[in-house]
Amino acid sequence: MNKTVVETLFVNQFVDGILDPGKEMLGPVKDGGYIIANTTPGCWGPMITPSIKGGHEVTQPVYVEGAEPGDAIVIRINSINVTSQATASGNDKMYEDRADGDGYVAAKCPECGTKNPKTVIKGIGIEAIRCVNCGADATPFVFTNGYTMFFGEKGDIGLTLTQEAAETIAKDGREYMKTPEASVQNPVVTFAPHDLVGTMARMRPFLGQLGTTPSRPTPDSHNAGDFGSFLVGATHDYTSTQEELETHRTDGHLDVNRVRAGAVLICPVKVPGGGVYLGDMHAMQGDGEIAGHTADVAGIAHLQVHVIKDLNIKGPILLPNIEDLPYTAKPFTQEERQSAQQIAEKWNVAKIEDSYPISFIGSGPNLNDATDNGLTRAAEFFGVTVPEIMNRSTITGAIEIGRHPGVVTVTFLVPEQYLKKTNLFELVKNQYG
């Protein structure tokens, strides 16, 4: 790239649902520089906007100075601020006659057959999304059970609303959701769902999408081993083999609720410049995102990026906030170390490990495959056996579900000498030191 390298880049442009390494990136941003992005709401808005071809509407990728395939990009999340006043979400049902097998990627109009048709909003409710070509009801998805939620001024609580309130918000959806100007998605509050009323939920915003660009064109929501499996043998333009999926994906679609302010995410680089992108901000989510969707919001995220040369990781590595770590993976207190020292002296254990927590992301078609993937990634990175990682994550960590059906974190305490053999020691020590 011949453009001027910048220290800070503001991002408010979005992809059409496809992460394409052949398309121009924004930037470049300096190694050690900052990305500030105004992100669009995630799943539901794009899901009811059939012209979007990926299920999400993430930011246009950013070229990071000096990043080359085989490197890694460290992304430090400095802050996340929700800007939406309201949203709607819930469990989904896809209309089979409105898609070529996959409503996230290959939507079509059920009347005129137009692929990925443009739409207009006429009124409110589940039939408000209309094909511009023929006027037919064209949303590929509707709710099986849904809710409209309004957020408190302090950013601490959301509350689900009545039908009357939901319909008021539906009439001015883009304003209540604070949808960025360049976004083309239909605001999901248009549907005015109201199955849950008066339900309180604590806010803890995080990024469901954060990562680097895959090395082949990939629908953004399918950049992971579970949703990506829908591409294997698909009949649309983004069909993939399992081998191609394993080779090209970067697992940027995490939905791990620990990817929040204060955390550090280390991402593989598979294309020149890395192509850092983000989106799918959520106001809150329990482990597993078991409904398939949570409270999607617009927001401002402030990131710092830094390149680590030749790290050669297969998928993301997460350094969560200390309070987000499993109990068994938290750094030891001085009192705990003194207790261990007493045991060591009694039984002649020459040295007690100095260790630090780390989380490897694993993904796959199901949770078993995702766990195997995460364990294997950790073992290969440190040059040890999978059974050793299994033992360490059992007694000094945990397997936690990011997204059901197939994203997990494999967290454990890593011996200092293992980290010193990589380029991660100082980074991990600074996070937990």
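## Helix crossing and backbone exceptions

Helix α6 passes helix α7 in a right-handed crossing. On the α6 side the contact is made by Leu375, Thr376, Ala378 and Ala379, and on the α7 side by Val386, Ile389, Met390 and Ser393. Sorted by class, this contact of α6 with α7 holds 6 nonpolar residues, 2 polar residues and no charged ones. The model described here is predicted.

The helices concerned are α6, residues 367-382, and α7, residues 386-395. Their axes come within 8 Å and cross at roughly 110 degrees. Angles of 65 to 115 degrees count as roughly perpendicular, and α6 and α7 are therefore roughly perpendicular to each other.

The chain as a whole contains 9 helices and 20 strands. Its radius of gyration is 22 Å, close to the 22 Å that the globule rule gives for 433 residues, so the chain is as compact as a globular protein of that length. Taken along the principal axes, the box filled by the C-alpha atoms is roughly 80 × 50 × 40 Å.

Another helix, α5, covers residues 334-346 and has 13 residues. From its first C-alpha to its last, α5 reaches 19 Å, close to the 18 Å expected at 1.5 Å a residue. Just after α5 comes asparagine 348, with a positive phi of about 55 degrees.

Most residues other than glycine have a negative phi, and most peptide bonds are trans. The backbone angles below depart from that pattern.

| Site | Feature | Value |
|---|---|---|
| Glycine 27 and proline 28 | cis peptide bond | omega about 10 degrees |
| Histidine 404 and proline 405 | cis peptide bond | omega about 25 degrees |
| Asparagine 116 | positive phi | phi about 45 degrees |
| Asparagine 348 | positive phi | phi about 55 degrees |

As for the cis bonds, proline 28 is found in strand β3, residues 26-39. Proline 405 has its place in the loop between β19 (398-403) and β20 (407-415). Asparagine 116, which is not a glycine but still has a positive phi, is found in the loop between β6 (86-94) and β7 (119-121).

Notes
Residues numbered from 1 in each chain as written. Predicted model: local features only at pLDDT ≥ 70, side-chain atom pairs only at ≥ 80, totals over all residues. Heavy atoms only, no water. Helix = DSSP H or I, 4+ residues; strand = E, 2+ residues; numbered from the N terminus. Expected span 1.5 Å × (residues − 1). Axes fitted to C-alpha atoms, helices over the stretch in contact; angles between N-to-C directions. Parallel < 35°, antiparallel > 145°, perpendicular 65-115°, else oblique. Left-handed = near helix turned anticlockwise from the far one by under 90°. Contact = heavy atoms within 4.5 Å. Nonpolar A, V, L, I, M, F, W, Y, C, P; charged D, E, K, R; others polar. Rg over C-alpha atoms; globule rule 2.2 N^0.38 Å.
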